Amino acid sequence: METGKDAELEAEVKAELRPSDSDSQTSFIRGSDLFGYVGIEDVLDQMRRKTMKAGFEFNIMVVGQSGLGKSTLVNTLFKSKVSRKSCSSNYEEKITKTVKLHSISHVIEEKGVKMKLTVIDTPGFGDQINNENCWEPIVKYVNEQYERYLREELNINRKRRIPDSRVHCCIYFLPATGHRLRPLDVEFMKRLGKVVSIVPVIAKADTLTVDERQEFKERIKQDLAANGIHIYPQREYDEDTEERVLNDRIRESLPFAVVGTDKEHQVNGNKVLGRKTKWGIIEGECSLSHLVLLFGCQLKWRR
Ligand code: GDP
């Protein structure tokens, strides 16, 4: 008797689980229908749709002395005029007595994916004869954004979508001197490295030969290690073997040698972003892959 019941139950279960065919009266409604069948595989799809609709927020800070090509590089990365200088036509470039922070936001859309990009510029950094403590307003700004976000999160009536002004990534521009890190670079990266992911770049790398560039990179790496400076990607991001292999590849090429430009030139019938020199055209080294890489920078929370 028992086995008969079991067999009946098993048949029922099998019938339930059988995928619906076209002649069958009982057909399953797939996950796109709100009140229909929702399977685990639909969760990913739902999350993707929601995220695409809401878009991403990415806040990038650029730090370095005036004239190192910060605005040009940011414009090269995003292939449009997104930096401070090119946005405000009547902006007067002047040496400020103290470090000022300017932020500019844009909504970029590509293939249906929206991204709110905020570029935070730090004019005046390192431009004085005495640059003592010129990193302080920057550290203060970064910390304030964390605190602001945390306050919103702790609020009982918190917003469904908290505006995110936290700095996701700080691109630090090193002058292409070919020597070593300067005391200012060491001090800045030591302090900021504790609160934000730093990506050091060698500015105007076209002014160095290939050998000089390689030697400079090696010296910078030695100085970073000697001063205990942690840059992106930090070891804690090596969550699995795949991540570690990818991060190791990034570590090998750091600090990135970058060439920025916002002028297009014709090369073999194709338009390329490049710098025209007496000896030929140097193609801008920044590409979308660099942007994607920066976008991978995760927030560094204070512990
Ligand atoms: P910022 O003050 O750091 O924002 O610097 P800008 O982006 O205004 O650039 C200052 C000058 O450097 C401009 O004349 C740029 O054309 C030039 N420049 C920018 N990027 C590069 C580069 O990669 N190589 C060279 N050789 N010059 C550059």
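In which kind of crossing, right-handed or left-handed, does H5 pass H6? The question is taken up below, after a general description of the model, which is a predicted one.

The protein chain contains nine helices and nine strands. Of its 303 residues, 38% are buried. When contacts between residues at least 6 apart in sequence are considered, 65% of them join residues that are at least 24 apart. The accessible surface of the chain amounts to about 19,500 Å², and carbon and sulfur atoms account for 52% of that surface.

Two packed helices are described by the angle between their axes and by the distance between those axes. For helix H5, which spans residues 136-154, and helix H6, which spans residues 183-192, the axes come within 10 Å and cross at roughly 15°. Because angles under 35 degrees count as roughly parallel, H5 is roughly parallel to H6. As to the question posed at the outset, the crossing in which H5 passes H6 is right-handed. On the side of H5 the contact is made by Ile138, Val139 and Val142, while H6 contributes Phe188, Arg191 and Leu192. Sorted by class, the residues of this contact comprise five nonpolar and one charged, with no polar residue among them.

Attention then turns to the backbone, for which a general expectation can be stated: most residues other than glycine have a negative phi, and most peptide bonds are trans. Against this background, the peptide bond from Tyr232 to Pro233 is cis, with an omega near -5°, and Pro233 is located in the loop that lies between helix H7 (210-226) and helix H8 (241-253). A cis peptide bond also joins Leu254 and Pro255, where omega is about -10°; Pro255 has its place in the loop between H8 and strand E6, the latter covering residues 256-257. Helix H8 therefore borders both of the loops in which these two prolines are found. The backbone of Lys204 is notable for its phi, which is near 45° and thus positive in a residue other than glycine. Lys204 is found in the loop between strand E5 (198-202) and H7, and with a relative accessible area of 42% this lysine is partly exposed.

Methods: Residues numbered from 1 in each chain as written. Predicted model: local features only at pLDDT ≥ 70, side-chain atom pairs only at ≥ 80, totals over all residues. Heavy atoms only, no water. Helix = DSSP H or I, 4+ residues; strand = E, 2+ residues; numbered from the N terminus. Buried < 20%, exposed > 50% of the residue type's maximum accessible area, 1.4 Å probe, protein only. Contact = heavy atoms within 4.5 Å. Areas by Shrake-Rupley, 256 points an atom, 1.4 Å probe, with all protein chains shown as cover. Axes fitted to C-alpha atoms, helices over the stretch in contact; angles between N-to-C directions. Parallel < 35°, antiparallel > 145°, perpendicular 65-115°, else oblique. Left-handed = near helix turned anticlockwise from the far one by under 90°. Nonpolar A, V, L, I, M, F, W, Y, C, P; charged D, E, K, R; others polar.
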